[in-house]
Amino acid sequence: MTSSPVYQCKRALIIGINTYQNNSLNYCINDAKDLMTTLNRIGFKEVLLGVDCKRTKFLQMVETFAGRIKPTDLTLFYFSGHGKQYENENYLLPSDYDYDYSTRESIYLLDNAVSVQTNVRTKGGSDQQGLSPMHASPETLIAYACAPGAVAVDETRNGRNGYFAEHLLKHIATPNNDIEDILKIVAREVKLQTSGFQVPFRTSSLTEKVCLVTSNVQAQMATPAPVGSDNNMNNFEVISSDEAESEPLNDDETRNEQQDAGVSRISIATGSAISSGSWIRCSITLYMLRKADPNHKWQIQAVFGNKRRLAFNSAEALSYHEASTNKNEAVPILYRLQLIFIYNDKRQVCVCDDGKYYITSSFKIRISEPGITFTSHYYAHSLHALMISPSMSDQFLFGIHFKKGGITSLNAAPPGISISLWDSLPIFAYYLLRTQSYDKCGALFDQFKIIEESSGLIMSSDCLEKFLSMCLKYLPTIGNVLNQDLNALKILIQMIALIPISKRNIVFDTKASEFVSVILKIFSNKLDAIIVTINKNDWISFYKGLTVLICIKIRHEKDKNDTDNTIDLLSRISEKEQREDAALQLLKLFKLLERRLPGNKMMELYKLVNPKDLSLEYLAPSASWETYIYGLTRIVENCEYRMNDLEDHIKDQLRRFLNANYFPMLLPDVAWILTYLKRQTNSKSTQIIQRIFQKSDPLQISIEQYLDSRRYSITSHEFPLVRDILIRSYNSELMHNINRQEYLLRMLTYRKEHKTDHFIEWFKCFLCETDENWIRYQDLVYHWTNCFVKDQIALFEIMKEVDLLIDLWIKVAPNNNQRSDFFVAHMVTQCFSQENVNNLLKNALHTVNNEKFLEAFKKQYEKEKLADAKGQLRNLKDPTNPLFQLINIAEEQKRQNKIVEDLIILAESMIEVGDSELLNDTFNNPSRGTFVYLILFDKSLSSLSIHKNIVNR
């Protein structure tokens with residue numbers, strides 16, 4: 001909007017666009033039409049309106065409008081629709097804007113959008129990228145519906161207009177009000193209504209006050225009827241105020257009042273414009289709280305000027321017996337005062353006392369405590385400006401604190417206990433719920449938001465803990481109504497939406513979170529019934545309160561099942577749009593709180609969110625690479641048509657996450673990433689993400705650095721993960737600096753893991769997986785056996801598993817006889833490298849059944865043990881005789897050692913007994929010392945095959 005110090009004509013160009021090729025809007029045309037009607041009513045001479053304008057029409061209207069502007073005109077340009085920014089240049093999108101993503105969008109914008117800086121100087125709508133801030137040229141004001149770079153919410157409360165337009169239309173016709181003041185009010189109300197998600201922004205170079213409507217114009221406007229025929233106060237007596245009543249607050253008082261955390265200061269709101277001289281009557285009820293003994297004798301008064309004193313009525317805010325088990329404890333007392341006011345278009349306000357009206361502008365609150373001789377008075381710290389509006393018939397005073405005072409001692413403490421701003425909210429709410437005054441809850445919440453906003457107070461961890469503890473303490477006072485009335489539960493959850501949680505204040509004693517658990521349990525039991533009762537106007541505050549409860553619950557729960565049940569609450573919401581709203585809000589809170597959920601729960605939450613609402617910023621709450629990639633997939637699936645820009649953003653985010661070690665990079669994570677990249681799929685979105693990760697230099701560096709740091713410390717239970725990394729899912733691009741052969745050897749020689757299981761597991765994972773060329777299996781086998789061959793116990797344990805090891809080895813390459821022969825021969829060689837192979841026969845090889853190994857062992861035994869002792873075999877009393885040793889082992893193991901039995905047979909076959917020797921030793925010259933006699937008559941040798949052979953002969 002541009003102005004001249006003296007303007008002769010007010011002109012406006014208004015454009016509203018709902019219909020787009022992609023992502024149409026809902027309320028822009030209504031906003032534009034309603035603004036045109038309002039501007040016509042307040043004296044704008046020329047108002048041009050464009051609806052769903054294509055680019056050509058858009059530019060024509062701008063050109064026509066610009067051609068009519070004179071230096072003395074006040075001009076207003078209003079656009080409601082989509083906008084974009086590129087390199088700090090803002091563009092308004094016409095209805096025929098249809099970027100096909102075949103070129104860079106920056107080029108398309110130049111040819112198909114309307115440049116704000118080039119064609120117009122105005123506020124714009126925003127898409128997902130928002131608009132950039134602009135510098136106002138001389139005598140110009142630029143207003144945005146949201147902050148630069150942010151997104152305006154395409155939602156409505158009144159069913160017709162967007163948030164910004166609704167509040168702009170409400171205030172723009174206020175007479176004699178500077179447009180900058182109007183926009184401040186609009187910004188505050190939009191921010192409050194959207195809980196800070198949309199904050200209007202403006203930049204101005206105006207040097208003088210600019211009023212769109214003045215009193216002269218106002219007098220020409222239609223005058224609405226007074227509020228009710230019985231409220232038309234044309235004949236009444238107005239008494240001039242006494243000393244202080246008509247005096248405005250001086251600057252010091254105003255400053256003090258604004259700085260006081262407990263002040264309830266709101267400008268006078270007189271509603272619609274009315275004719276001069278007409279008065280409107282309204283009734284307002286004030287509520288305040290203070291802790292006290294229910295039987296106290298002192299009184300709280302509202303003091304207007306020095307003489308008008310109106311007393312509050314007191315009542316227990318909550319049931320005494322339900323609120324406290326300590327009967328001597330001060331309990332919250334509610335004080336209520338009903339006032340009658342009249343006001344006129346000149347902003348004069350009169351309060352009614354005893355049938356007469358007294359002009360006033362503010363009031364004080366004081367405690368009057370009667371004594372034996374005197375009454376002591378204690379005043380609140382600040383004055384209270386009047387809030388006069390028919391729509392605010394119930395007004396709640398928060399955080400009222402009284403000064404020390406009294407008659408006998410000016411330093412006496414006032415009676416009772418003050419209740420803080422935060423603690424006042426649940427007590428007021430519980431009182432309204434207990435009395436089923438549901439119609440007053442909206443006013444309570446709206447006024448609390450304004451006070452909270454204006455006070456600048458930050459809710460600390462202690463405050464939040466105390467707030468929740470108080471909610472829990474007084475919960476029994478509304479227990480019945482909460483269980484019986486769905487409205488009460490809905491309002492209580494809406495109250496929680498007012499709590500400004502943060503990553504700092506959400507850390508508090510777990511006990512205080514019991515309140516949250518109780519409410520969520522009640523909600524879970526009544527979920528299906530309560531959801532259908534919530535109208536569209538209440539839904540936003542309801543789901544915000546619900547998600548705050550869920551966040552607190554998850555932050556303080558210890559049992560994983562509790563997390564599962566808490567997240568599942570959202571999935572049980574039947575209405576798809578409501579479910580998506582709540583899930584997105586919860587995701588925003590997790591991002592704000594930097595809270596991460598277990599992977600499976602985070603993925604469930606991503607599933608619940610509308611993919612169109614998902615963006616990269618919402619991936620921050622992911623707790624693992626798996627969850628992050630799942631979220632990326634959901635985003636890419638919905639944005640494949642604009643992947644050029646998105647790919648750059650993904651690469652940048654991936655780089656930032658890796659540099660900050662945002663996700664853990666442990667062996668399971670590396671294995672998962674590489675397995676994901678190796679996955680064969682027809683999914684285009686998965687292929688895009690795989691390509692981005694595959695080409696990521698920071699990812700390669702992170703993986704290689706981590707693996708290098710672990711090369712000497714990998715334990716046996718981690719071998720399967722390393723097998724996946726180095727063999728099954730090996731990625732040559734991300735791991736080309738890793739020498740796999742050397743890496744395997746480093747793991748093998750890990751000094752802390754010289755246990756049998758370590759060597760067996762290493763063999764299973766790395767020698768029985770592949771026979772690819774990169775793996776020099778003979779070298780690895782040599783290194784493997786060298787690690788344990790000198791450890792007799794380890795060797796025994798491994799040889800007991802030799803059947804399994806041989807089977808696994810052969811399965812890798814079943815047709816490669818050379819490979820299998822090598823391993824069998826190598827293991828047999830290790831057996832005979834021992835000083836006493838008989839120990840192996842006795843303690844390890846008795847379990848072996850593999851024929852290939854047995855055959856190779858027998859050949860080696862014959863070669864190394866029997867061949868040179870052939871002549872000694874007949875001397876079965878010689879302890880050094882191999883056959884003697886084998887027979888002893890066989891007897892010890894009750895002839896159950898198969899390989900020993902085979903070796904005995906082998907040794908026997910090498911002993912020759914000729915016929916002449918047999919005849920001589922048995923018939924001709926029998927002797928106890930002969931070999932034949934020993935074989936025939938020694939019972940310990942009767943089981944030998946040679947015994948049977950000699951008998952048969």
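**Exercise 1. Place Arg-366 in this predicted model and describe the surroundings of its side chain.**

Step 1. Locate the residue. Arg-366 sits in strand E17, which spans residues 362–370.

Step 2. Check burial and charge. Arg-366 is buried but makes no salt bridge. Asp-353 carries the nearest side chain of opposite charge, 11 Å away. A salt bridge needs a separation within 4 Å.

Step 3. Look for polar partners. The side chain of Arg-366 has a polar contact of 2.8 Å with that of Tyr-379. Another polar contact, of 3.3 Å, links the side chains of Arg-366 and Ser-368.

Step 4. List contacts beyond four places in sequence. Arg-366 touches Gln-299, Ile-300, Gln-301, Val-303 and Arg-309. His-377, Tyr-378, Tyr-379 and Phe-402 are also in contact with Arg-366.

**Exercise 2. Work out the order and pairing of the sheet that holds E1, E2 and E3.**

Step 1. Set the order. The 3 strands run E2-E1-E3 in an open sheet, with parallel pairing.

Step 2. Find the edges. E2 (46–51) and E3 (73–80) each have a single partner strand, so one side of each lacks a neighbour in the sheet. From one strand to the next, the twist averages 10°.

Step 3. Inspect one pair. E1 (residues 9–16) joins E2 in the parallel sense over 6 bridges. Gly-16 has Val-51 in E2 as its bridge partner.

**Exercise 3. Which strands does helix H1 lie across, and at what angle does it run to E1?**

Step 1. Take H1, residues 28–41. H1 lies across E1, E2 and E3. Its direction is at about 165° to E1.

Step 2. Add H2, residues 55–68. H2 also lies across E1, E2 and E3, at about 175° to E1.

Notes. Residues numbered from 1 in each chain as written. Predicted model: local features only at pLDDT ≥ 70, side-chain atom pairs only at ≥ 80, totals over all residues. Heavy atoms only, no water. Helix = DSSP H or I, 4+ residues; strand = E, 2+ residues; numbered from the N terminus. Buried < 20%, exposed > 50% of the residue type's maximum accessible area, 1.4 Å probe, protein only. Lys, Arg positive; Asp, Glu negative; His and termini not counted. Polar contact = N/O pair within 3.5 Å; in protein donor to acceptor, adjacent residues only side chain to side chain. Contact = heavy atoms within 4.5 Å. Pairing = 2+ DSSP bridges. Axes fitted to C-alpha atoms, helices over the stretch in contact; angles between N-to-C directions.
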